[in-house]
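Hello,

Here is the structure I promised to pass on to you. Please open it alongside this email, and have a look around before you read my notes.

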Amino acid sequence: MTDGATEDSDGAEGAVPDPEDLETHVRVLRRYARALMGNPAGADDLVQETLKRALIHIGKGRQVRNLRSYLLTILHNVRMDQIRKEKNHGQQVPLDEAMTVAEPAAQPHRLEYNRLLAALSELSEDQRAVLLLAGLEGRKYREVAEILGQPIGTVMSRLNRGRAALRRRLDDEAPAQAAETAYGKRDKPVRRRHAR
């Protein structure tokens with residue numbers, strides 16, 4: 001599906017969307033892009049390129065039926081373009097990110113969130129996109145299929161396999177993390193003295 005393949009209708013032909021509606025859509029795009037990429041700077045670049053392409057196409061008189069789906073479709077296509085470039089040229093990592101020292105999170109909910117993000121990042125791009133659109137964004141299967149340009153059966157299959165893979169990764173990590181935490185709490189082995 002190309003960027004302009006969606007037919008439109010949120011207003012007059014070629015009209016720029018209402019700024020308040022656009023702000024809501026931008027928040028959705030940023031949330032999806034950050035979860036998809038795990039990199040805030042890269043996600044912001046992805047959203048910026050998405051909005052640029054959308055405004056160019058809408059400015060050319062394209063009508064949009066469902067602006068959110070239209071924007072998510074463009075974001076998906078921009079990400080696929082990035083993946084193709086990364087395969088040819090390698091992924092670029094900003095210097096400040098490459099030199100960041102990891103710090104353990106202090107709050108348990110933040111640890112869970114980081115575990116989930118790490119497990120999501122290990123999934124294939126196809127599975128991650130379907131999981132995020134259906135789970136995080138609450139899109140219906142048919143809409144996910146339209147956004148990704150895939151048959152609905154493929155979307156349902158990827159969603160099922162992605163959920164299972166995510167569950168396995170989280171379940172495999174939990175026992176190791178629990179053992180590490182329990183070991184870390186014990187400072188010294190307890191020694192018992194026997195009476196003589």
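Below is what I found, starting with the whole chain and then moving to single helices and residues.

One thing to keep in mind throughout is that this is a predicted model.

**The overall picture**

The protein has eight helices and zero strands. Following the sequence from start to end, the pattern reads α-α-α-α-α-α-α-α. Of the 196 residues in the protein, 32% are buried. The exposed surface comes to about 13300 Å², and carbon and sulfur atoms supply 50% of that area. Among contacts with a separation of 6 or more, 70% are between residues 24 or more positions apart.

**Helices H6 and H7**

This pair is a good place to zoom in. H6 covers residues 125-136 and H7 covers residues 141-148; their axes come within 10 Å and cross at roughly 135 degrees. Angles over 145 degrees would count as roughly antiparallel and those from 65 to 115 as roughly perpendicular, so H6 and H7 are oblique to each other. The crossing of H6 past H7 is right-handed.

Which residues in H6 and H7 meet? From H6 they are Ala129, Val130, Leu133 and Ala134, and from H7 they are Val144, Ile147 and Leu148. Sorted by class, this contact has seven nonpolar residues, with no polar and no charged ones.

If you colour H7 by burial, you should find Glu143, Val144, Ala145, Ile147 and Leu148 buried. Val144, Ile147 and Leu148 are thus both buried and part of the contact with H6. Just after H7 comes Gly149, which takes a positive phi of about 70 degrees.

Back in H6, you will also find Gly135. Is Gly135 buried or exposed? Its relative accessibility is 55%, and the cut-off for exposed is over 50%, so Gly135 counts as exposed. The C-alpha atoms of Gly135 and Arg163 are 9.8 Å apart, with the two positions 28 residues apart along the chain.

**Two residues in helix H3**

Helix H3 runs over residues 67-89 and holds Arg68. Leaving out residues up to four places away in sequence, Arg68 touches Thr24, His25, Val28 and Arg139. Arg68 also sits 8.5 Å from Leu29, C-alpha to C-alpha, although these two are 39 residues apart along the chain.

Tyr70 lies in H3 as well. With a relative accessibility of 0%, Tyr70 counts as buried, because the cut-off for buried is under 20%. Its C-alpha atom is 10.0 Å from that of Thr50, a residue 20 positions away in sequence.

**Leu116 in helix H5**

The last stop is Leu116, which is placed in helix H5 (residues 108-121). How does Leu116 count at 34% relative accessibility? It counts as partly exposed, since that class lies between the 20% and 50% cut-offs. Apart from neighbours within four places in sequence, Leu116 is in contact with Leu166 and Leu170. The C-alpha atoms of Leu116 and Arg167 are separated by 9.7 Å, while the two residues are 51 apart along the chain.

Happy to go through any of this with you at the screen.

Best wishes

Note on methods: Residues are numbered from 1 along each chain as its sequence is written. This is a predicted model: local features need pLDDT of at least 70, side-chain atom pairs count only at pLDDT 80 or more; totals for chains, interfaces and linings use all residues. Side-chain values use heavy atoms; hydrogens and water are left out. Axes are lines fitted to C-alpha atoms, for helices over the stretch in contact, and angles run from 0 to 180 degrees between N-to-C directions. Helices (H or I, at least four residues) and strands (E, at least two) are DSSP runs, numbered from the N terminus. Angles under 35 degrees count as roughly parallel, over 145 as roughly antiparallel, 65 to 115 as roughly perpendicular and the rest as oblique. A crossing is left-handed if the near helix is turned anticlockwise from the far one by less than a right angle, and right-handed if clockwise. Contact means heavy atoms within 4.5 Å. Ala, Val, Leu, Ile, Met, Phe, Trp, Tyr, Cys and Pro count as nonpolar, Asp, Glu, Lys and Arg as charged, and the others, Gly among them, as polar. Buried means under 20% relative accessible area, exposed over 50%, partly exposed in between (1.4 Å probe, protein chains only). Accessible areas come from the Shrake-Rupley method with a 1.4 Å probe; for residues, only the protein chains shown count as cover.
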